[in-house]
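Visitor: Please take one helix of this model and go through it closely. I would like to hear how it is buried, what it packs against, and how its partners are arranged.

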Amino acid sequence: MLLKIGSKGEDVKKLQEKLGLGADGNFGPNTEKAVKEWQSKNGLTADGVVGDKSWEKLFGNATETVAEPVVLNSDLKLEKLKGIIPDKVISQIPATAEKFNITNTLRLAHFLSQCAHESGNFKWVTEFASGQAYEGRKDLGNTQPGDGVKFKGRGYIQLTGRANYTKFSQFCGEDCVANPELVATKFPMLSAAYFFDKNKLWSICDKGATETDVKAVTKRVNGGYNGLDDRQK
């Protein structure tokens, strides 16, 4: 748990409600000020950052609430994926599908085919190269020494660059800038779906499953058509 300036999401809303603030889900200056005041009153370091210790003190056993089960559109018959993709990948689909409105098999097929090819059938979640080639790439937000290596590609569709890690951190509510390995270990699928959503790929997926459709998705994911036959298959 790490919430601070720039964080967004349901956890931020929950925090704001607890502090008696307007719950818009955006951790801004007013939220930071309220957190600092609460921390000071409760004998904690008043840094305005909500980590595990602050969260536990705020909510106590409330952190142990059981999440509501995700009910998927009946069109998504995940049991048919057994033996085709790893079980650990299938287990990530319900929450990702709910969050990104993956409501039919066509969207899911496009998404999984791209993820599978880019990650060697879900085996690779970290780019093999050192990342040195990204050093100084301002288009990726790599403005500080070492950014190329620190923010090399991770996740099933290789989230890359300080700028993208920063934006994804704001989306998921965890600090993947300070802890970039989270993209590989905790959010490999979520970061990939975030990429699809950010790049407006769902509307392309909805057009169909012809080679033309797959090429259109592949072009936006890959920048070219590498591995097109595998993605189509």
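Guide: The helix chosen is H5, and the model is a predicted one. The residues of H5 that are buried are Ile-93, Thr-96, Ala-97 and Phe-100. They lie on the same side of H5, because the arc they cover around the axis is only 100°. This spacing has a general background: an α-helix has 3.6 residues a turn, so residues three or four places apart point the same way. On the face of H5 turned away from that buried side are Glu-98 and Lys-99, both exposed.

The cover over the buried residues of H5 comes from several helices, including H4 (87-90), H6 (105-118), H8 (162-172), H10 and H11 (202-205). Of these, H10 is taken up next, with its own contacts to H6 and H8 after that.

H5 spans residues 93-100 and H10 spans residues 188-198; their axes are 10 Å apart and the packing angle is about 25°. H5 is therefore roughly parallel to H10, since angles under 35 degrees count as such. The crossing of the pair is right-handed. On the H5 side the contact is made by Ile-93, Thr-96, Lys-99 and Phe-100, and on the H10 side by Met-189, Leu-190, Ala-193, Tyr-194 and Asp-197. Sorted by class, this contact of H5 with H10 holds six nonpolar residues, one polar and two charged. Ile-93, Thr-96 and Phe-100 are among the buried residues of H5, whereas Lys-99 is exposed and sits on the face turned away from the buried side.

H10 also meets H6. The axes of H6 and H10 cross at roughly 120° and come within 11 Å, and this crossing is right-handed. From H6, the residues His-110, Phe-111, Leu-112, Gln-114 and Cys-115 meet Met-189, Ala-192, Ala-193 and Phe-196 of H10. Seven of the residues in this contact of H6 with H10 are nonpolar and two are polar, with no charged residue. Met-189 and Ala-193 of H10 take part here, and both are also in the contact with H5.

The third pair is H8 with H10, whose axes come within 11 Å and cross at roughly 105°. H8 and H10 are therefore roughly perpendicular to each other. In H8 the residues are Asn-164, Lys-167, Phe-168, Phe-171 and Cys-172, which meet Leu-190, Ser-191, Tyr-194 and Lys-198 in H10. The contact of H8 with H10 divides into five nonpolar, two polar and two charged residues. Leu-190 and Tyr-194 of H10 meet H8, and both also belong to the contact with H5.

That leaves the backbone beyond the helices. Most residues other than glycine have a negative phi. Asn-101, which follows H5, has a positive phi, near 60°. Lys-200, in the loop between H10 and H11, has a phi near 55°, again a positive value in a residue other than glycine. Lys-200 is exposed, its relative accessible area being 61%. Asn-121 lies in the loop between H6 and H7 (147-150), and its phi is positive too, near 55°. Asn-121 is partly exposed, with a relative accessible area of 36%.

Key: Residues numbered from 1 in each chain as written. Predicted model: local features only at pLDDT ≥ 70, side-chain atom pairs only at ≥ 80, totals over all residues. Heavy atoms only, no water. Axes fitted to C-alpha atoms, helices over the stretch in contact; angles between N-to-C directions. Helix = DSSP H or I, 4+ residues; strand = E, 2+ residues; numbered from the N terminus. Parallel < 35°, antiparallel > 145°, perpendicular 65-115°, else oblique. Left-handed = near helix turned anticlockwise from the far one by under 90°. Contact = heavy atoms within 4.5 Å. Nonpolar A, V, L, I, M, F, W, Y, C, P; charged D, E, K, R; others polar. Buried < 20%, exposed > 50% of the residue type's maximum accessible area, 1.4 Å probe, protein only. Arc of directions from axis to C-beta.
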